[in-house]
Amino acid sequence: MEISGWLNDPQRVPKVKRKVMERKFRISPATLRNELENNDVYNNNYLETVLLDEFLTNLVMKEYVWQLNRQDIKCFNTEVIGNIKETLGDKLPTKINKEVLIAAIPAENNYLVRIGHRIPSSDFLKLWRNYDTDHSGYLEIKELQLLVRDFAQLVGEDVSDKDLNTALEELMSEFDVNKDGRLELEELSHLMSVEDNFMKAFCSRQYLTRKDFDRIFAHYDTDSTGYLDKEEVMALLNDILKYHESSDAHIPVPVLKEVYKEVMKACDTNNSNTIQKCELALLLTSV
């Protein structure tokens, strides 16, 4: 069973106030994810605004097939565009950020819909935080149940309790390497398609150019906020530490948290609990 999956921190998702529609449309996670993939939204992290109306039309038609008329489609498109404008203003930019787009579409709540096929390391850590609800540093059975249900929903399948238990048994048999009845970060990474270590290309260099610096910041700033939040900083640290340890294994979460604390003490000069672009150089020289 392969969970393919962009993640994003739910706290970073814009809160969109939706108006009441004449007809209640809800898009399933599977349909939404497929349409996002078809339009390359996961790779680009945006949808061009000129394609927005066509994207929404295809989306609602694939969900409801022959049950729609032109007025239904117009109602759906107008509603979603209205939700986007509430977030971005009446004059839309040339590109709609993926998170804004997903937040504006009436769909069933499923965290995995934010993920593409190849997970950036920062999104992988955000996914981990979403399901590690007790912050124990492990995914235990109840937390894994939620992950499996979300995945099944994402591919359009209903899961009975019996099927869920069977899936969990198979998952733990294959990926719970140390047989402790829970998954560690490294074990979960084998279950999912996490990107290769992005920092491999930079850690061996004596000097970083401005272009290198910009590429690193843009890669780990997955939600395009202009700063690195906790999971994005931890993903960067994880990749740097893996390189220095000459290992592809993920750093254990407790160790990563301690390194994060020390780095933030030294590098978060404005005490914002984030790493600004001007602080990244300090971070890169401190690790």
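Biologist: Is α12 mostly covered or not, and how many of its 15 residues are buried?

Modeller: This is a predicted model in which local features need pLDDT of at least 70 and side-chain atom pairs count only at pLDDT 80 or more, while totals for chains, interfaces and linings use all residues. Residues are numbered from 1 along each chain as its sequence is written, and side-chain values use heavy atoms, with hydrogens and water left out. Helix α12 (a DSSP run of H or I of at least four residues, numbered from the N terminus) covers residues 230-244. Taking buried as under 20% relative accessible area with a 1.4 Å probe and protein chains only, α12 is mostly covered, and the buried residues number twelve.

Biologist: Which residue caps the N-terminal end of α12?

Modeller: The backbone nitrogen of Glu231 has a side-chain oxygen 3.3 Å away, and Glu231 is itself among the buried residues of α12. The residue that supplies this oxygen, and so caps the N-terminal end of α12, is Asp229.

Biologist: At what angle do α12 and α13 pack?

Modeller: The axes, which are lines fitted to C-alpha atoms over the stretch in contact, with angles from 0 to 180 degrees between N-to-C directions, lie 10 Å apart for α12 and α13 (residues 253-267). The helices pack at about 105°. That makes α12, relative to α13, roughly perpendicular (65 to 115 degrees).

Biologist: Is Asn271 buried or exposed?

Modeller: Asn271 lies in the loop between α13 and β4 (275-276), and its phi is near 55°, a positive value in a residue other than glycine. Because its relative accessibility is 66%, and the cut-off is over 50%, Asn271 counts as exposed.

Technical notes: Helix = DSSP H or I, 4+ residues; strand = E, 2+ residues; numbered from the N terminus. Parallel < 35°, antiparallel > 145°, perpendicular 65-115°, else oblique. Polar contact = N/O pair within 3.5 Å; in protein donor to acceptor, adjacent residues only side chain to side chain.
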